[in-house]
Amino acid sequence: MAEKLHFSLVSPARELFSGEVDHVIAPGSEGEFGVLVNHAPFMTTLKNGVVRVLEGDTVKMRLFVRGGFADVTPAGLTILAEEAVDLSNVDAATVNEDLEAAKAKLLSEGKDGPHHGALEAQVDYLSDLKAAIVH
């Protein structure tokens, strides 16, 4: 039996995944990267995007992360995400509704509004999530 990579993905809310896998592809801040068993250690920040968990050449799980860190050690890969969601549990219609509502709030708030930055970040997050669902 081939060696497996131990992978865990944790958000402040909960642990979304922990187990043995063949390969993980993640959205690093400097570009997408892949990790296999016995990968050289490194640490990087993550950008918004999709983490793909593979068994052989088959994607078994797609998780959307909003920022965080990835840490590769001899023990495996750990991702600490600011926020994470299993894309198989995301309703595209709800994301579209939330995105339109956030855009409307941002427009009504104006550039000088006290919540402009937070609303802009919400629109960016929902836009990235919508794109992840489509792909």
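Is R66 buried, partly exposed or exposed, and at what relative accessibility? I start there because R66, at 28% relative accessibility, counts as partly exposed, and I should say at once that this is a predicted model.

R66 is one half of a salt bridge, its side chain meeting that of E82 at 3.3 Å from N to O. R66 sits in strand 7, residues 58-73, and E82 in strand 8, residues 76-86, so the contact ties together parts that are 16 residues apart in sequence. E82 also counts as partly exposed, with a relative accessibility of 48%.

The count of salt bridges comes to six, and I would like to turn to the ones around K4, since K4, D22 and E55 are linked in a network. Between D22 and K4, the closest N and O atoms are 2.8 Å apart; D22 belongs to the loop between strand 2 (15-21) and strand 3 (23-28), whereas K4 is in the segment before strand 1 (5-10), 18 residues away. K4 also meets E55, again through the side chains, with an N to O distance of 2.8 Å, and here the two partners are 51 residues apart, E55 being placed in strand 6, residues 49-55. As for accessibility, K4 is partly exposed at 28%, D22 is partly exposed at 23%, and E55 is partly exposed with a relative accessible area of 23%.

Finally, the nonpolar surface: M43, F69 and L80 make a patch of about 330 Å². M43 lies in strand 5, residues 42-46, and because its relative accessibility is 56%, M43 counts as exposed.

Terms used:
Residues numbered from 1 in each chain as written. Predicted model: local features only at pLDDT ≥ 70, side-chain atom pairs only at ≥ 80, totals over all residues. Heavy atoms only, no water. Patch = residues over 30% accessible without salt bridge, like charges linked within 9 Å, V, L, I, M, F, W, Y side chains within 5 Å. Areas by Shrake-Rupley, 256 points an atom, 1.4 Å probe, with all protein chains shown as cover. Salt bridge = Lys/Arg side-chain N within 4 Å of Asp/Glu carboxyl O. Helix = DSSP H or I, 4+ residues; strand = E, 2+ residues; numbered from the N terminus. Buried < 20%, exposed > 50% of the residue type's maximum accessible area, 1.4 Å probe, protein only.
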